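Biologist: Can you walk me through this one? I'd like to hear what stands out to you.

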Amino acid sequence: MKKEFEKKQLVKKSENFSQWYIDVILKSGLADYAPVKGCQVIKPYGYGLWENIQRVLDEKFKEKGIKNAYFPLFIPEKFLKREKEHIKGFSPELAVVTIGGGEELKEKLVVRPTSETIIYEMYAKWIKSWRDLPLLINQWCNVVRWEMRPRLFLRTTEFLWQEAHTVHQTEEEALEMVKWALENYVNVYQDFFAIDGISGQKSESEKFPGAKTTQTFEILMPDGKALQGCTSHDLGQNFAQAFNLKFLDKDGKEKMPYQTCFGLSTRCLGALIMVHGDDQGLILPPKLAPIQIVIIPILPAQNLIQKAKELKNVLKEFRVEIDFTKEHSIGWKFNEWEIKGVPLRIELGQKELKEKKATLARRDTGQKISISLESLENEVKEILEAIQKNLLERSRKFLKENTKDVSDYRDFKEIMKKEKGFIKAFWCQNPKCEAKIKEETKATVRVLPFDAPEEKGKCIYCQETAEKKWIFGQAY
RNA sequence: CGGGGCGUGGUGUAACGGUAACAUGCACGGUUCGGGACCGUGAGAUUCUCUGGGUUCGAAUCCCAGCGCCCCGACCA
């Protein structure tokens with residue numbers, strides 16, 4: 001009896017983090033393993049989360065004038081080869097179609113790992129005049145990258161994302177877009193995911209293959225490892241050159257435009273799961289939760305069900321679900337909805353009904369509060385906001401507590417061996433030091449924070465002169 | 001690609017070389033329900049234990065080969 005009971009429990013987050021991560025995804029119904037290695041099925045509950053993220057981002061893109069379009073899944077291999085860095089970066093992880101309709105293809109087709117090349121091939125055709133710029137297009141799609149070591153959400157062979165590709169007349173305008181895109185992501189992470197991180201620039205070795213510079217938002221996971229939350233790239237004229245993008249400017253001269261691209265993938269769900277979840281399961285921030293409130297009638301009594309329906313109506317501005325099921329005990333239901341991470345639970349029993357009250361249970365703190373039914377709507381609103389805020393604060397606190405200023409390489413090694421986390425340290429920007437540090441500590445340069453002050457210091461590794469402190473961490 | 005683990009009802013497991021069992025889940029009926037309740041009935045492996053060989057009177061079990069998945073590394077805008 002006891003044994004079976006325990007089997008249904010999750011592994012403790014603190015005891016076996018990676019097993020907990022898998023358990024919580026499978027048991028909460030976010031996703032399931034697919035029959036193909038490295039591939040997963042995103043189940044309705046997980047897809048609901050993704051849809052909420054899509055909705056938020058899509059709205060912001062449209063406000064900015066970015067329009068959605070769709071480009072093909074297959075990319076002629078030769079397109080990818082046009083930009084040297086690009087093909088070098090992606091070739092190890094490409095899936096390639098060699099047979100079509102039963103016949104060997106003369107020109108192999110790559111299943112897109114990202115769509116720069118096929119999109120820019122089209123852009124070259126569409127852009128003629130300065131009047132065609134800026135060209136601001138986004139697509140929601142799937143991409144395939146044949147990674148050796150897949151992990152649910154974090155690195156699946158096929159994943160979903162959004163990739164925006166913009167073309168501008170001037171470099172200033174392109175840089176403004178790169179900045180806007182990153183800030184937009186950061187805002188979404190903070191306001192909706194309730195996750196804080198560090199935004200800044202990638203090192204030469206870590207940037208996107210083919211980009212001039214890459215900006216990113218680095219998030220710290222509870223196990224001390226870092227996760228890149230999104231990317232925003234300044235492509236300069238690299239691809240414009242490779243794909244022969246030109247336009248006639250107002251002055252009648254033919255010019256080469258400047259490009260950017262930026263993306264966010266379903267990997268962000270991995271961050272969401274890890275950052276907020278606890279031993280009981282997921283904890284979803286109210287703004288993204290597919291179900292914000294679950295109402296549980298303690299008994300399947302008619303008057304309780306009736307009341308639950310009334311309450312749902314009162315709370316119609318929220319995403320509410322009533323648990324009508326009769327099969328399970330109340331304890332079972334509580335646990336089930338906790339695994340699913342629903343931010344707020346409303347318990348409704350005869351006791352509450354008699355007192356014209358409801359019992360509210362917060363998922364983030366476990367706290368139970370008795371609320372008068374009359375003021376329910378306002379109270380619920382406030383509590384959901386409080387949960388959202390609390391989650392962000394927790395994330396901030398964790399980030400702060402686990403970002404350490406280090407000047408001695410011995411300390412650096414020690415920290416990376418034990419608790420990990422972010423390390424702030426001077427780096428001379430020599431790739432050799434970067435490589436050595438990675439070899440010796442598994443940590444890589446994650447990001448140069450935008451707010452890093454100009455200072456005088458010595459590289460943590462080689463002791464040569466360095467001007468900025470970079471953030472190091474072990475990456476997912 | 002290296003190391004490890006595992007392939008048996010949907011899931012988790014069991015079975016000395018002797019002819020697949022238990023739990024859970026599922027379906028139906030009933031009793032329950034304030035933190036993972038219970039009773040009864042039933043379906044579900046089924047050319048039976050991932051595939052292909054071998055040993056044997058007899059293989060889920062032993063041997064060989066392969067395949068697959070998971071975990072840990074290496075790799076990874």
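Modeller: Sure, and keep in mind that this is a predicted model. Let's start with a pair of strands: strand 18 and strand 19 run antiparallel and are joined by five bridges.

Biologist: Which residue in strand 19 is the bridge partner of threonine 359?

Modeller: That's serine 370.

Biologist: And how many residues sit between strand 18 and strand 19 in the hairpin?

Modeller: Five residues, and glycine 366 in that turn has a positive phi of about 80 degrees.

Biologist: What order do the strands take in the sheet with strand 18 and strand 19?

Modeller: The order is 16-15-17-18-19, in an open sheet of five strands with mixed pairing. Strand 16 (320-322) and strand 19 (368-372) are the edge strands, each pairing on one side only. From one strand to the next, the twist averages 25 degrees.

Biologist: You said mixed. Do strand 15 and strand 17 run parallel or antiparallel?

Modeller: Parallel: strand 15 (residues 293-297) is joined to strand 17 by five bridges. In that pair, arginine 345 of strand 17 stands opposite valine 294.

Biologist: What's in the loop between helix 12 and strand 18?

Modeller: Lysine 356 is found there, just so you can locate it, with strand 18 covering 357-362. The phi of lysine 356 is near 55 degrees, which is a positive value in a residue other than glycine.

Biologist: OK, switching to the RNA. How many residues surround RNA strand B?

Modeller: There are 51 of them, and the closest are Arg145, Arg149, Arg155, Lys207 and Trp332. Looking from the RNA side, sugar and phosphate make up 46% of the atoms of RNA strand B that come within 4 Å of the protein.

Biologist: How does the surface near RNA strand B split by class?

Modeller: It has 22 charged, 17 nonpolar and 12 polar residues.

Biologist: Which polar atom of tyrosine 33 lies 3.3 Å from RNA strand B, side chain or backbone?

Modeller: A side-chain one, and the atom across from it is a phosphate oxygen of RNA strand B. Proline 209 instead uses a polar backbone atom, 3.5 Å from a sugar or linking oxygen of the RNA strand. Isoleucine 298 also has a backbone N or O atom 3.1 Å from a sugar or linking oxygen of RNA strand B.

Biologist: Which elements give two or more residues to that surface near RNA strand B?

Modeller: Among them are helix 1 (2-8), helix 2 (17-28), strand 8 (158-168) and strand 11 (225-236). Strand 17 (344-348) and helix 12 (350-355) are also included.

Biologist: And which element gives the most to the surface near RNA strand B?

Modeller: Helix 11, with eight residues. Helix 11 spans 330-339.

Biologist: New topic: holes. How many cavities of 30 Å³ or more turn up in the whole structure?

Modeller: One. About 30 Å³ of space lies in it.

Biologist: What lines the largest cavity?

Modeller: The lining residues are Pro297, Leu299, Pro300, Ile305, Asp323, Phe324, Thr325 and Lys333. By class, that makes five nonpolar, two charged and one polar.

Biologist: Let's go back to sheets. What is the strand order in the sheet of three strands?

Modeller: It's 4-6-5, an open sheet with antiparallel pairing. Strand 4 (74-76) and strand 5 (95-100) are the edge strands, each pairing on one side only. Neighbouring strands there are turned by 50 degrees against each other on average, ignoring direction.

Biologist: How many bridges does strand 6 make with strand 5?

Modeller: Five, in the antiparallel sense, with strand 6 covering residues 103-111. Valine 97 has leucine 109 of strand 6 as its bridge partner, and alanine 95 has valine 111. In the hairpin of strand 5 and strand 6, two residues lie between the strands, and glycine 101 takes a positive phi near 55 degrees.

Biologist: And on the other side, how many bridges join strand 4 to strand 6?

Modeller: Three, again with the strands running antiparallel. Isoleucine 75 is partnered there with valine 110 of strand 6.

Biologist: Last one: where is the cis peptide bond?

Modeller: Between leucine 133 and proline 134, with omega about -5 degrees. Proline 134 lies in the loop between helix 6 (116-126) and strand 7 (135-144).

Conventions: Residues are numbered from 1 along each chain as its sequence is written. Chains are lettered from A and ligands numbered from 1 in the order in which they are written. This is a predicted model: local features need pLDDT of at least 70, side-chain atom pairs count only at pLDDT 80 or more; totals for chains, interfaces and linings use all residues. Side-chain values use heavy atoms; hydrogens and water are left out. On a 1 Å grid over the protein atoms alone, a cavity is a set of points where a 1.4 Å probe fits but cannot get out, and a pocket is an open set with protein on both sides within 12 Å along at least five of seven lines; lining residues have an atom within 4 Å of a point. Grid points are joined across faces, edges and corners, and a volume is the space filled by probe spheres set on the points. Ala, Val, Leu, Ile, Met, Phe, Trp, Tyr, Cys and Pro count as nonpolar, Asp, Glu, Lys and Arg as charged, and the others, Gly among them, as polar. Two strands pair if DSSP finds at least two bridges between them. Helices (H or I, at least four residues) and strands (E, at least two) are DSSP runs, numbered from the N terminus. Axes are lines fitted to C-alpha atoms, for helices over the stretch in contact, and angles run from 0 to 180 degrees between N-to-C directions. A residue is near a molecule or strand if one of its heavy atoms lies within 4 Å of it. A polar contact is a pair of N or O atoms within 3.5 Å; within protein, one must be able to donate a hydrogen and the other to accept it, and residues adjacent in sequence count only if both atoms are side-chain atoms.
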